Amino acid sequence: MSSNSFAYNEQSGGGEATELGQEATSTISPSGAFGLFSSDMKKNEDLKQMLESNKDSAKLDAMKRIVGMIAKGKNASELFPAVVKNVASKNIEIKKLVYVYLVRYAEEQQDLALLSISTFQRALKDPNQLIRASALRVLSSIRVPIIVPIMMLAIKEASADLSPYVRKNAAHAIQKLYSLDPEQKEMLIEIIEKLLKDKSTLVAGSVVMAFEEVCPDRIDLIHKNYRKLCNLLVDVEEWGQVVIIHMLTRYARTQFVSPWKQGDVLEDNEKDFYDSDEEQKEKADKRKRPYAMDPDHRLLIRNTKPLLQSRNAAVVMAVAQLYWHIAPKSEAGIISKSLVRLLRSSREVQYIVLQNIATMSIQRKGMFEPYLKSFYVRSTDPTMIKILKLEILTNLANEANISTLLREFQTYVKSQDKQFAAATIQTIGRCATSITEVSDTCLNGLVCLLSNRDEIVVAESVVVIKKLLQMQPMQHGEIIKHMAKLLDSITVPVARASILWLIGENCERVPKIAPDVLRKTAKSFTSEDDLVKLQILNLGAKLYLTNSKQTKLLTQYILNLGKYDQNYDIRDRTRFIRQLIVPNEKSGALSKYAKKIFLAQKPAPLLESPFKDRDHFQLGTLSHTLNTKATGYLELSNWPEVAPDPSVRNVEVIELAKEWTPAGKAKKENPDKKFYSESEEEEDSSESSSDSESESGSESGEDEEDDRSGDSAEDSGESGSEPEAGKGRAATRSRARGRGDSKDVDKEKENSKTSESSSGESSSIEESSSDSESESESESESESRKVTKEKEKKTKQERNPLTKDVSLLDLDDFNLVSTPVALPTPALSPSLIADLEGLNLSATSSVISVSTPVFVPGKTHVLLHRMSGKGLAAHYFFPRQPCIFGDKMVSVQITLNNTTDQKIENIHVGGKKLPMGMQMHVFNPIESLEPAGSITVSMGIDFCDSTQTASFQL
């Protein structure tokens with residue numbers, strides 16, 4: 001009842017008001033007439049007023065209702081000017097909804113959308129990732145060639161965005177831009193290449209979709225990313241999985257050799273008659289050569305297997321087609337269970353899955369035979385599903401199960417669904433031709449069906465019997481006589497035509513019945529269907545040639561009727577037959593052969609599955625479903641005879657690691673030389689476990705570099721004089737710095753930063769944490785492994801390049817670099833390492849001078865500007881190495897520069913004001929610093945996990 005009243009409301013004039021939430025009826029039509037016309041005139045007036053109000057709550061409410069209208073399929077395009085005014089709203093919720101609206105209508109209202117293009121460009125720099133992404137979507141939805149350069153710039157910037165969500169939208173925009181202006185292809189391919197290297201699972205599916213759209217033939221872009229895509233596959237969203245699997249199926253067919261062919265060669269062991277012994281030996285050698293699957297081929301098959309349990313039918317179907325097209329035949333069997341599970345889904349899913357199973361079951365029956373009962377027809381199935389199930393049952397029929405299937409078919413023939421009953425009869429006919437043991441049983445069953453009350457069943461039976469009799473015409477005169485009697489009662493044209501054709505073909509076997517049938521049909525000739533008329537003409541011609549005494553006049557009568565028929569096909573056929581069979585002076589040489597032409601032996605029809613020729617299309621594609629090539633269909637290539645070079649898929653080892661490879665050998669040769677003292681190494685090993693406190697992400701990585709924004713202290717100069725010793729306080733605290741949205745934050749690593757100011761200015765040495773790339777969500781490595789990796793990169797950087805020695809710890813770290821080459825990882829416990837180090841009696845001094853400069857390429861920050869420090873400039877950075885003053889301390893290196901032309905004397909740390917528990921190890925006083933001189937000193941600070949400031953005088 002409620003649904004009826006709702007529908008009525010929508011149609012009536014007042015319905016618009018309630019639907020769109022117009023508050024006061026009086027404002028809409030003062031006269032009180034609340035008809036169709038008045039409400040149409042002012043339809044969305046209240047929404048426009050709400051959008052123009054000063055209250056954010058009213059605007060938000062209006063936007064929610066407008067988006068609701070769009071969701072219901074109503075046209076809200078006339079509100080475009082009112083909505084677009086709010087595109088620069090400060091309220092993020094309103095902004096998001098405005099962008100949703102604009103994405104929908106920007107293409108229709110291009111001129112108005114172009115007016116606010118500067119707002120979209122500003123929004124691309126918004127701190128909120130959702131706004132940045134939405135702005136890019138709107139920009140790519142305005143399909144005007146003028147803004148192609150702006151779109152291209154926006155996509156380039158977005159592809160390098162820190163948020164994977166924005167990068168994903170950049171990949172979506174690539175396809176839109178390509179369809180708008182295909183000339184941008186080369187530049188877009190560069191962006192696709194860059195995005196393919198992205199480690200985020202959020203981006204992977206979208207960029208592969210862009211790849212498939214823009215440059216599906218550029219397989220070379222996939223080589224380096226192949227293994228990464230295989231490994232990310234399980235974590236990508238479902239629709240991304242479908243796209244990636246289809247692309248990797250095509251890739252595998254071009255890069256690996258066939259896993260099927262070898263099995264066939266092994267079976268072929270008969271000796272050819274003319275082969276010499278040498279040729280025979282060569283063949284034998286070929287056979288003996290075993291097939292070894294490429295590890296990358298195996299990786300793809302192994303990594304897609306878990307997705308057979310996906311809840312998404314499209315993913316299961318995609319994996320099934322991958323196994324079908326590229327897995328060894330012995331392994332493809334596992335997909336059958338998953339496909340049968342999908343038959344519990346909605347009817348649309350069932351339809352597609354059954355079509356694919358029908359194609360598979362023709363070639364490999366064994367896969368689905370165990371699930372035969374899953375394909376039995378249910379009464380609730382729609383006709384299309386029933387017919388597909390019948391198709392599969394026919395494909396799976398063999399001597400073992402045919403009796404069960406025929407009993408099942410008997411029930412189906414009685415179905416109320418006539419189309420399905422007719423399809424079942426055709427199925428019985430196909431079973432009779434494919435399994436000779438039951439052909440007589442099937443034929444007898446079909447003859448019994450001729451007495452069925454249902455006309456369609458009888459007609460279909462006649463057509464199928466005609467095909468069966470064509471295959472074995474000698475034995476069945478009785479059946480033909482029985483069918484001739486049925487001619488009076490059957491009215492379906494196809495069935496009548498089939499009986500007439502059968503009698504014509506076998507007219508010499510039924511010499512008494514055939515002329516009588518011709519007599520009856522001559523009476524009703526004018527009222528027959530065209531198909532039947534053609535067969536009556538054929539029957540007359542055949543009888544004229546075999547039994548002209550009885551039928552000569554009848555045939556001439558029929559030919560005269562046909563001569564004036566309305567259908568030109570029949571008039572044409574009549575003229576042709578008359579010239580051929582009735583001899584006269586004009587008739588040509590062909591009339592001698594008329595009998596041979598009409599009564600030639602006809603080839604028996606092949607009862608084949610309609611799915612037989614579909615296997616050249618990739619399973620699961622639209623082309624396979626339609627059985628015709630759809631636009632955008634990418635064909636699967638044949639397997640290559642020789643596999644292309646597999647090394648193209650190897651990803652280069654990081655350059656740093658290459659430099660250090662010989663160092664490992666050097667370590668073995670000189671085990672007694674060490675870079676660190678023993679005490680340092682022990683600290684190193686203990687530090688590596690609690691590393692996350694003192695380390696940020698490696699600055700040598702490409703992505704992490706732009707992740708970090710350097711904190712530099714702002715110094716203001718004061719009018720102080722003394723050039724020798726400026727005084728300053730350094731405030732130290734640790735804070736967590738989140739980037740972008742809180743959604744992107746996955747893991748946090750502590751990162752220390754220092755800033756100091758001289759001449760009484762206070763600044764701070766800060767220990768701030770910068771979250772790792774949001775891409776790390778997708779990486780399967782644990783946090784500890786990542787920290788170790790970064791530490792390893794740092795320790796390599798801080799080594800003096802001249803020294804070729806590495807400690808055990810370095811080797812341990814080095815092996816953790818994830819490279820495609822499997823390196824043995826030494827599993828040494830920290831205690832064992834300590835013991836090994838203890839055995840090593842090194843001659844080097846264990847004390848390192850505090851002010852020894854250690855050159856580490858790293859990011860430096862301004863600590864003290866030369867203007868504020870009266871010519872003394874200071875820079876600091878974190879060497880990311882264990883602090884030698886204590887294992888709890890963070891090491892800070894400060895570089896002091898004298899930029900004046902005078903000597904600066906007695907540089908030292910004065911009074912310290914430290915909170916409870918905090919400790920600081922200062923550098924030794926520097927007696928003097930020459931003009932233009934520079935010196936690097938080390939300090940150690942134990943923050944004691946505190947957020948308090950540590951103040952000291954310089």
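In this predicted model, helix α21 (residues 295–304) packs with helix α22, the two meeting at an angle of about 150° with their axes 10 Å apart. Because angles over 145 degrees count as roughly antiparallel, α21 and α22 are classed as roughly antiparallel to each other. Their crossing is left-handed. On the α21 side the contact is made by His297, Leu300, Ile301 and Thr304, which meet Val319, Leu322, Tyr323 and Ile326 of α22. Sorted by class, this contact holds six nonpolar and two polar residues, and no charged residues.

A second helix pair can be described in a similar way. The axes of α24 (residues 347–363) and α25 (residues 383–396) come within 9 Å and cross at roughly 20°. Angles under 35 degrees count as roughly parallel, and α24 and α25 are therefore roughly parallel to each other. Here, too, the crossing is left-handed as α24 passes α25. From α24, the contact involves Arg347, Gln350, Tyr351, Leu354, Gln355, Ile357, Ala358, Ser361 and Ile362, while α25 contributes Met384, Ile385, Leu388, Lys389, Glu391, Ile392, Asn395 and Leu396. The class count for this contact is ten nonpolar, four polar and three charged residues.

Turning to the chain as a whole, the protein has 43 helices and twelve strands. It runs to 954 residues, of which 50% count as buried. Among contacts between residues at least 6 apart in sequence, 69% join residues at least 24 apart.

Where do the buried nonpolar residues gather? The largest nonpolar core has 194 residues, and those with the most contacts inside it are Ile66, Tyr101, Leu102, Leu339 and Phe375. Helix α22 (residues 313–326), already met as the partner of α21, supplies the largest share of this core, with eleven residues. Phe375 offers a good view of the surroundings of one of these core residues. Neighbours within four places in sequence aside, Phe375 is in contact with Val340, Leu343, Leu354, Ile357, Phe368, Lys389, Ile392, Leu393 and Leu396. Several of these names are familiar from the helix pair above: Leu354 and Ile357 belong to the α24 side of its contact with α25, and Lys389, Ile392 and Leu396 to the α25 side. Another core lies apart from the largest one; it has 22 residues, including Leu872, Val892, Ile894 and Met920.

Further along the chain, helix α34 (residues 548–563) has Thr551, Thr555, Ile558, Leu559 and Gly562 as its buried residues. The elements covering them include α32 (513–523), α33 (530–546) and α35. Within α35 (residues 568–581) sits Ile577. With a relative accessibility of 0%, Ile577 counts as buried, since buried means under 20% relative accessible area. Residues up to four places away in sequence not counted, Ile577 touches Leu537, Asn538, Ala541, Leu559, Val582 and Phe598. One of these partners, Leu559, is among the buried residues of α34. Ile577 and Leu559 are 18 residues apart in sequence, and their C-alpha atoms are 8.3 Å apart in space.

Is Gln175, in contrast to the nonpolar Ile577, buried or exposed? Gln175 lies in helix α13 (residues 164–180), and its relative accessibility of 17% places it among the buried residues. Its contacts, not counting residues up to four places away in sequence, are with Ser206, Met209, Ala210 and Glu213.

Two loop residues deserve a brief look for their backbone angles. Asn627 has a phi near 60°, a positive value in a residue other than glycine. This residue lies in the loop between α37 (622–626) and α38 (655–669), and Asn627 is partly exposed, with a relative accessible area of 25%. Ala932 likewise has a positive phi of about 60° although it is not a glycine. The loop that holds Ala932 runs between β10 (926–929) and β11 (934–942). At 69% relative accessibility, Ala932 counts as exposed, because that label applies over 50%.

Conventions: Residues are numbered from 1 along each chain as its sequence is written. This is a predicted model: local features need pLDDT of at least 70, side-chain atom pairs count only at pLDDT 80 or more; totals for chains, interfaces and linings use all residues. Side-chain values use heavy atoms; hydrogens and water are left out. Axes are lines fitted to C-alpha atoms, for helices over the stretch in contact, and angles run from 0 to 180 degrees between N-to-C directions. Helices (H or I, at least four residues) and strands (E, at least two) are DSSP runs, numbered from the N terminus. Angles under 35 degrees count as roughly parallel, over 145 as roughly antiparallel, 65 to 115 as roughly perpendicular and the rest as oblique. A crossing is left-handed if the near helix is turned anticlockwise from the far one by less than a right angle, and right-handed if clockwise. Contact means heavy atoms within 4.5 Å. Ala, Val, Leu, Ile, Met, Phe, Trp, Tyr, Cys and Pro count as nonpolar, Asp, Glu, Lys and Arg as charged, and the others, Gly among them, as polar. A nonpolar core is a set of buried Ala, Val, Leu, Ile, Met, Phe, Trp, Tyr and Cys residues joined through side-chain atoms within 4.5 Å. Buried means under 20% relative accessible area, exposed over 50%, partly exposed in between (1.4 Å probe, protein chains only).
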